[in-house]
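Take a walk through this structure, from the overall fold to single contacts. Keep the sequence at hand.

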Amino acid sequence: MRRPAGLRPPPAATVLPFLSALAATALLLTGCGTEHAGAGGGGAGTDAVASQEGTRIDDPGKDGVRITSLTLPSASPSPTRSHSVSADRLTTGSDSGVFAAYEVTNEGAETLTYSVVFTFRGGDGGAVTNRTGTVRDVGPGRTVRGTVRAGELPPTSPRVTQAEVLEVTGVPAGEAPAEPGACPASGIRVSADEGNAAMGLRVVSLRLANCGTHAYSVQGYPLLELLDDGFEPVDGVEILDGSGEITTAAGPDEQPRPVTLEPGESATAGLVWRNTTGFGTAVNVPYVRVRAKEGAAPVTVTPDLDLGTTGKLGVRPWKKAEPQ
């Protein structure tokens, strides 16, 4: 059964309930006007003291996010893009002692929550490690500053010499997935994992977690809106009930069944598509607005659906997840 893209009405008598988490680094926002965010990024023990150099970076940035300085252990070579150098001290242990300062400026008209992928590179330009940070509730015209750490690096890793903003996504703050450990007022958390890709077949799992105190029931398929970079609806994509028309590799299509989640339980639903490019214009969908069921609060996730020219997205029904 095919439905046009956009908000998909639920089946009759349906009660419906997704970046895995990227290993996202939560950022603490403080102050007003210009705000500040602190970011972790891997690495733990702190039992030695090393001299550091904070080197300013002339970075044009990407989508309102830019690196402002890079701090390296004194034994590491300084970045090539330097304007001035200041001394700092940082306790180090298993942590590499490498971190970057950044700033996020919201030039839009509504409050956004940002997910930012930072990459730390070696002298040859190759990536040494990537780190992801979440910057929440950045109001229009506001600038948030913070740091992101490279964390623990293998002893054989090249020396880090530069840091860059690799990828930026920003969603309306009221629709952002809840931060780890937090439970929305609705009592349910919706998120998406990083997905799996093999020979052009893409699969992303949506997860619905009951973090509240009462049972929560769903049945059928998640309600989806496909959105472009400007958060406008994407036309020309068919949202299919099930994945049978996309592939048989995900198993046979299952009929929707009632699912009741007790506190602490979760359900999953899969998004399945092929990244096939033929005649026509390839379609990319950076944002998907998800409602667990009719009337549920929307949550916007960023699975980055690279649909090619297929024009089809298969959706599998909610199914109770095995305990983790």
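What follows goes from the whole chain to its covalent link, its charges and a few notable backbone positions.

This is a predicted model. The protein has 25 strands and 0 helices. Of its 324 residues, 45% count as buried. The accessible surface comes to about 15,500 Å². Carbon and sulfur atoms hold 50% of that surface.

Start with the covalent link. The count is 1 disulfide. Cys183 and Cys211 form this disulfide, with their sulfur atoms 2.0 Å apart. That distance falls inside the cut-off, because a disulfide is a pair of cysteine sulfur atoms within 2.5 Å. The link of Cys183 and Cys211 is right-handed, with 80° about the S-S bond. The pair links distant parts of the chain, 28 residues apart. Cys183 sits in the loop between β11 (160–172) and β12 (188–192). Cys211 sits in the loop between β14 (201–210) and β15 (216–218).

Is this disulfide's Cys183 buried or partly exposed? Cys183 is partly exposed, at a relative accessible area of 37%. Cys211 also counts as partly exposed, at 22% relative accessibility. Buried means under 20%, so the 22% of Cys211 does not qualify.

Next, the salt bridges. How many does a search of the whole structure find? The search finds 12 salt bridges. One of them joins the side chains of Glu103 and Arg145, at 3.1 Å from N to O. Glu103 belongs to strand β7 (residues 99–105) and Arg145 to strand β10, and the two residues are 42 apart in sequence. Their surroundings can be read from accessibility. Glu103 counts as buried, at 12% relative accessibility. Arg145 counts as partly exposed, at 35%.

A second bridge joins the side chains of Asp306 and Arg202, at 2.9 Å from N to O. Asp306 lies in strand β23 and Arg202 in strand β14, so this pair ties together parts that are 104 residues apart in sequence. Both partners, Asp306 and Arg202, are buried.

A third bridge joins the side chains of Lys319 and Glu254, at 3.5 Å from N to O. Again the pair links distant parts of the chain, here 65 residues apart. Lys319 is in strand β25 (residues 319–320). Glu254 is in the loop between β17 (238–241) and β18 (259–261). Lys319 is partly exposed, with a relative accessible area of 45%. Glu254 is partly exposed too, at 31%. Elsewhere, salt bridges that share partners join Glu175, Glu225, Arg289 and Arg291 into one network.

Not every charge is paired in this way. Which residues gather in a patch of negative charge on the surface? They are Asp63, Glu167, Asp229 and Asp304. Why can Asp304 belong to such a patch? Patch residues need over 30% relative accessible area, and Asp304 has 44%, so Asp304 passes that cut-off. Asp304 is partly exposed. Asp304 lies in the loop between β22 (299–301) and β23 (305–308).

Asp304 also stands out in its backbone. Asp304 has a positive phi of about 55° although it is not a glycine. Asp137 likewise has a positive phi of about 55° and is not a glycine. The setting of Asp137 is strand β9 (residues 127–138). Asp137 is partly exposed, with a relative accessible area of 43%.

Last come three contacts between C-alpha atoms. Gly151 is in the loop between β10 (143–149) and β11. Gly151 is buried, at 0% relative accessible area. The C-alpha atoms of Gly151 and Ser96 are separated by 5.6 Å, while the residues are 55 apart along the chain.

Phe120 lies in strand β8 (residues 112–122). Phe120 is buried, with a relative accessible area of 0%. From C-alpha to C-alpha, Phe120 and Thr161 are 7.7 Å apart in space, and they are 41 residues apart in sequence.

Asp193 is found in the loop between β12 and β13 (196–198). Asp193 is partly exposed, at a relative accessible area of 25%. Asp193 and Pro303 are 110 residues apart in sequence, yet 7.8 Å apart in space, C-alpha to C-alpha.

Note on methods:
Residues numbered from 1 in each chain as written. Predicted model: local features only at pLDDT ≥ 70, side-chain atom pairs only at ≥ 80, totals over all residues. Heavy atoms only, no water. Helix = DSSP H or I, 4+ residues; strand = E, 2+ residues; numbered from the N terminus. Buried < 20%, exposed > 50% of the residue type's maximum accessible area, 1.4 Å probe, protein only. Areas by Shrake-Rupley, 256 points an atom, 1.4 Å probe, with all protein chains shown as cover. Patch = residues over 30% accessible without salt bridge, like charges linked within 9 Å, V, L, I, M, F, W, Y side chains within 5 Å. Salt bridge = Lys/Arg side-chain N within 4 Å of Asp/Glu carboxyl O. Lys, Arg positive; Asp, Glu negative; His and termini not counted. Charge placed at Lys NZ, Arg CZ, Asp CG, Glu CD.
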